[in-house]
Amino acid sequence: MLQGTAGLTVQRGNKIDLIRVLLTIGIVSLHSTITDLANSTPVYDGVIKAILTVTQVCVPLFYALSGYLFFRNVPDDPSSNWFWTKLRSRFLSLFVPFIIANCIALAIYYATMHFFPSMISGYLGDSWKDPVFVFWKGPINLSLWFIRELIVVTILSPIIFLIVKHFRWWGVLILGLLLVLRIGPAPLFYYSTGACLSVWKINPVEKWLMSDSQVRISSRAWTYFVYLYHYLLVIGIKKALVAWLKPTDTALQVGIYMVTVIGTLLILTITYVLMRKIIPRFTSVLVGGK
């Protein structure tokens with residue numbers, strides 16, 4: 001999901017890749033929770049509450065890492081061409097996959113509505129008929145609000161650079177105040193935090209992320225694919241299992257949750273590997289050219 005590790009050495013990108021993997025698993029775990037389960041047990045509710053508490057940090061950390069990577073190796077006085085090159089790259093890696101993923105989600109939603117209407121009853125109402133909702137305001141693939149907001153703050157990156165360059169953490173705090181007041185994009189504070197760390201190469205973050213690592217992971221494309229296409233699959237799996245098993249005891253309720261998480265990751269991993277082998281160029285477009 002995050003952009004910008006291509007300029008790092010293979011080893012130096014490994015810690016960032018490992019963080020990306022853990023955060024992606026956290027996002028799938030967050031969306032796999034069932035908070036309105038009928039007859040849920042106190043133990044199940046406690047488990048879900050703990051999972052929600054832990055995984056809530058995943059999205060803010062993703063934004064912070066995105067800001068960090070965008071401004072990695074930024075010149076002291078970047079030209080407009082530097083920002084234009086960056087923005088053009090992000091258009092291909094963010095906006096294009098965002099539109100394609102929503103088109104695919106719309107097709108899946110339409111097919112499900114006709115063949116398995118009970119699976120999506122009450123999910124979107126008539127909102128799917130509104131193109132603005134489908135491709136931006138919602139969007140129809142609801143988890144892609146993250147990408148939508150990331151597109152917005154990326155467009156604002158020249159302004160964010162000036163703020164963190166001239167005001168450092170005071171600028172970040174001002175952007176944090178905008179978050180509290182709900183003015184502007186929600187991730188502005190988190191993204192600018194990562195930007196400030198990168199622009200000023202603040203230790204120990206810089207040293208830790210950029211130090212050599214024995215962990216060998218190359219996961220940019222896989223994590224992005226999982227994030228883009230996990231949401232509707234998660235909904236389908238957990239709804240189908242709840243309707244089929246009608247769980248009333250803790251073991252079964254927690255089991256459905258675990259099967260949803262593991263099943264989603266396995267299905268998307270196998271799908272990604274097969275697509276990468278059979279239709280590599282199309283798959284590369286789906287994940288922004290990674």
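This report describes two helices, H12 and H8, and the residue Gln253 in a predicted model.

Residues are numbered from 1 along each chain as its sequence is written, and side-chain values use heavy atoms, with hydrogens and water left out. Because the model is predicted, local features need pLDDT of at least 70 and side-chain atom pairs count only at pLDDT 80 or more, whereas totals for chains, interfaces and linings use all residues.

Helices are DSSP runs of H or I with at least four residues, numbered from the N terminus, and the expected span of a helix is 1.5 Å times one less than its number of residues. For both helices the expected span agrees with the distance between the end C-alpha atoms.

| Helix | Residues | Number of residues | Expected span | End C-alpha distance |
|---|---|---|---|---|
| H12 | 250-278 | 29 residues | 42 Å | 42 Å |
| H8 | 188-199 | 12 residues | 16 Å | 16 Å |

H8 is mostly covered, with 10 of its 12 residues buried (under 20% relative accessible area, with a 1.4 Å probe and protein chains only); among them are Tyr191, Cys196 and Leu197. Lys201, which follows H8, has a positive phi near 45 degrees.

At the N-terminal end of H12, Asp249 acts as a cap, with a side-chain oxygen 3.3 Å from the backbone nitrogen of Ala251. The buried residues of H12 include Ile256, Tyr257, Leu268 and Met275.

Gln253 also lies in H12 and is buried, with a relative accessible area of 1%. Its side chain reaches the backbone nitrogen of Thr41 at 3.2 Å, and, leaving aside residues up to four places away in sequence, Gln253 touches (heavy atoms within 4.5 Å) residues including Leu37, Tyr44 and Pro247.

Methods:
Helix = DSSP H or I, 4+ residues; strand = E, 2+ residues; numbered from the N terminus. Buried < 20%, exposed > 50% of the residue type's maximum accessible area, 1.4 Å probe, protein only. Polar contact = N/O pair within 3.5 Å; in protein donor to acceptor, adjacent residues only side chain to side chain.
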